[in-house]
Amino acid sequence: MTQALRLGIAGLGTVGVGVVKIVRRHAEMLKARTGRSIEIVAVSARDPNKDRGVNLADYAWETDPVALAKRDDIDVYVELMGGENGPAKASVEAALVSGKDVVTANKALLAIHGQELAEQAEAAGRVIRFEAAVAGGIPVIKSLTEGLAGNEITRVMGVMNGTCNYILTRMQSQRQGYNALFDECAELGYLEADPNLDVGGIDAAHKLALLASIAFGTKPNFDGIEIEGIQQISLDDIDQAEDMGFRIKLLGVAQRTARGLEQRMQPCLVPSDSPLGQLEGGTNMVVIEGDAVEQVVLRGPGAGEGPTASAVMGDVCDLARGLQIPTFGRPATSLETAAPAVTGLPAPYYLRLGLLDKPGALAKVAAILGDAGVSIDRMRQYAHAESTAPVLIVTHKTTRAALDVALDGFRETDVVAGAPVALRIEEV
Ligand code: NAP
Ligand code: HSE
């Protein structure tokens, strides 16, 4: 009879406890599906006395995750602590060196050190699996690596941070400002330990770096991503974008261009009636485009105990079945170093300006755009509140460089109050 697959789990927080629950609840089902028992042998966390709501009495306790990773009686090391360095990295390396496969939910670790770790895994004849690291419960890594392996991928994009989508959609539906919703997310426990990872777009950019690597056969390049968070988005932007037929999303886009690999994580406008525009709350959505399949849209819960543990267990089951796929879908040593395309392809932009009540003000704005080579598609001016009138402009496709020239012009003119807002409109 085939031997059990023996797990060592480091990290018994939200995700780790979820994994323990599934292994205990579905022992027979997992065995029937994979042909092997899946057993937890040992666990590690910081506090051995914390009540975690699950029975851990059957498992050996290790205070040091590196020691857990090296144990002779485990086959798979499951890293669910988090952090791009420290014990997460040290223990994953120890596991690989001592002949264990690794399953992790740690997007930060892999976005920063993925290439190095993938090479270590291959040198040791082991694999690293990370379905839970991107878009929580959505099986996007498996879809991209396996189901869509026959496609040349042309674009990957999506909403991959549930906290930001929750804030942006609640701003719209509840008429609450960004700061109040940020505080609400903190109270609900939605925010990462460092909230800037969420609202600054960094967490979502970690995920995009991993998807881009698989999609385009390139080394994960987090530093090559243009990142902008949602902190500057106001209720006015939400309202006025809606008025023009758009919703604002923290959207990640990766695509190959003639100028290199474009990777962006920034607030963008998408049509209100598109699947991305309709995405509510903490839900994630990933859109994958390939030359044969055309477009696949994956939608589901991006975080939380059950969804993330579901993704971890998908990886564990694949290992139980003996599936060995290189970390980023092809041998790590064959991944290319892609030149980052610093500026995105031309796109239409949404601009919001505060126009001062002066004769000829609108003409000056139009002239600045014209001089910068930016063509106006639509424009709307609202009534003046005190001395300033909001003006919304949707441009035809233009480059960010041309737009920046116009934004400089607005700053220098005497008819625009405050900082103009410029958001890219993504074709989805
Ligand atoms: P969490 O609730 O904060 O749990 C972290 C766990 O790691 C805790 O049990 C903690 O121990 C343990 N830990 C931390 N440092 C340790 C150390 N030095 N030695 C041993 N144990 C240590 O985190 P989480 O939300 O489960 O997230 C875990 C991983 O999944 C992270 O990489 C995260 O980015 C990723 N992820 C999470 C979600 C989600 O929805 N939560 C979704 C996708 C991916 P104590 O409990 O004793 O403090
Ligand atoms: N902080 C992340 C989010 C958790 O809000 O999506 C899941 O990675």
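**Chat about ligand 1, strand 13 and the cysteines**

Reply: Starting with ligand 1 in this predicted model: one of its oxygen atoms has a polar side-chain atom of Arg52 at 2.7 Å.

Me: OK, and what about Val15, how far is its polar backbone atom from an oxygen atom of ligand 1?

Reply: That distance is 2.9 Å. In Val15 the atom in question belongs to the backbone, while for Arg52 the side chain supplies it.

Me: What does Lys107 do there, in terms of distance to an oxygen atom of the ligand?

Reply: An N or O atom in the Lys107 side chain sits 3.1 Å from an oxygen atom of ligand 1.

Me: How much of the ligand's accessible area does the protein cover?

Reply: On its own, ligand 1 has 890 Å² of accessible area, and the protein covers 79% of that.

Me: How many residues surround it, and which are the closest?

Reply: There are 23 residues around ligand 1, and the closest are Leu12, Val15, Asp47, Arg52 and Gly304.

Me: And how does that shell divide into nonpolar, polar and charged?

Reply: You get 10 nonpolar residues, 8 polar ones and 5 charged ones.

Me: Switching topic to strand 13. Is it mostly buried or exposed?

Reply: Buried: of the 8 residues in strand 13, which spans residues 349-356, 7 are buried, so the rest of the structure largely encloses the strand.

Me: Which strands does it pair with?

Reply: One is strand 16, residues 416-425, paired with strand 13 in the antiparallel sense over 6 bridges. Another is strand 15, residues 388-395, also antiparallel to strand 13, with 7 bridges joining the two.

Me: Give me a residue pair for each. What's the bridge partner of Leu355 in strand 16, and of Leu351 in strand 15?

Reply: Leu355 is bridged to Val416 in strand 16. For Leu351, the partner in strand 15 is Ile393.

Me: Last topic, then. How many disulfides does the structure hold?

Reply: It holds 0. Take Cys164, which is in no disulfide: the nearest cysteine sulfur belongs to Cys185 and is 8.5 Å away.

Me: What about Cys268, where's the nearest cysteine sulfur for that one?

Reply: That would be the sulfur of Cys164, 13 Å away, and Cys268 is in no disulfide either.

Me: Are those two buried or exposed?

Reply: Cys164 is buried, with a relative accessible area of 0%. Cys268 is buried too, and its relative accessible area is given as 0%.

Terms used. Residues are numbered from 1 along each chain as its sequence is written. Chains are lettered from A and ligands numbered from 1 in the order in which they are written. This is a predicted model: local features need pLDDT of at least 70, side-chain atom pairs count only at pLDDT 80 or more; totals for chains, interfaces and linings use all residues. Side-chain values use heavy atoms; hydrogens and water are left out. A disulfide is a pair of cysteine sulfur atoms within 2.5 Å. Buried means under 20% relative accessible area, exposed over 50%, partly exposed in between (1.4 Å probe, protein chains only). Helices (H or I, at least four residues) and strands (E, at least two) are DSSP runs, numbered from the N terminus. Two strands pair if DSSP finds at least two bridges between them. A residue is near a molecule or strand if one of its heavy atoms lies within 4 Å of it. A polar contact is a pair of N or O atoms within 3.5 Å; within protein, one must be able to donate a hydrogen and the other to accept it, and residues adjacent in sequence count only if both atoms are side-chain atoms. Accessible areas come from the Shrake-Rupley method with a 1.4 Å probe; for residues, only the protein chains shown count as cover. Ala, Val, Leu, Ile, Met, Phe, Trp, Tyr, Cys and Pro count as nonpolar, Asp, Glu, Lys and Arg as charged, and the others, Gly among them, as polar.
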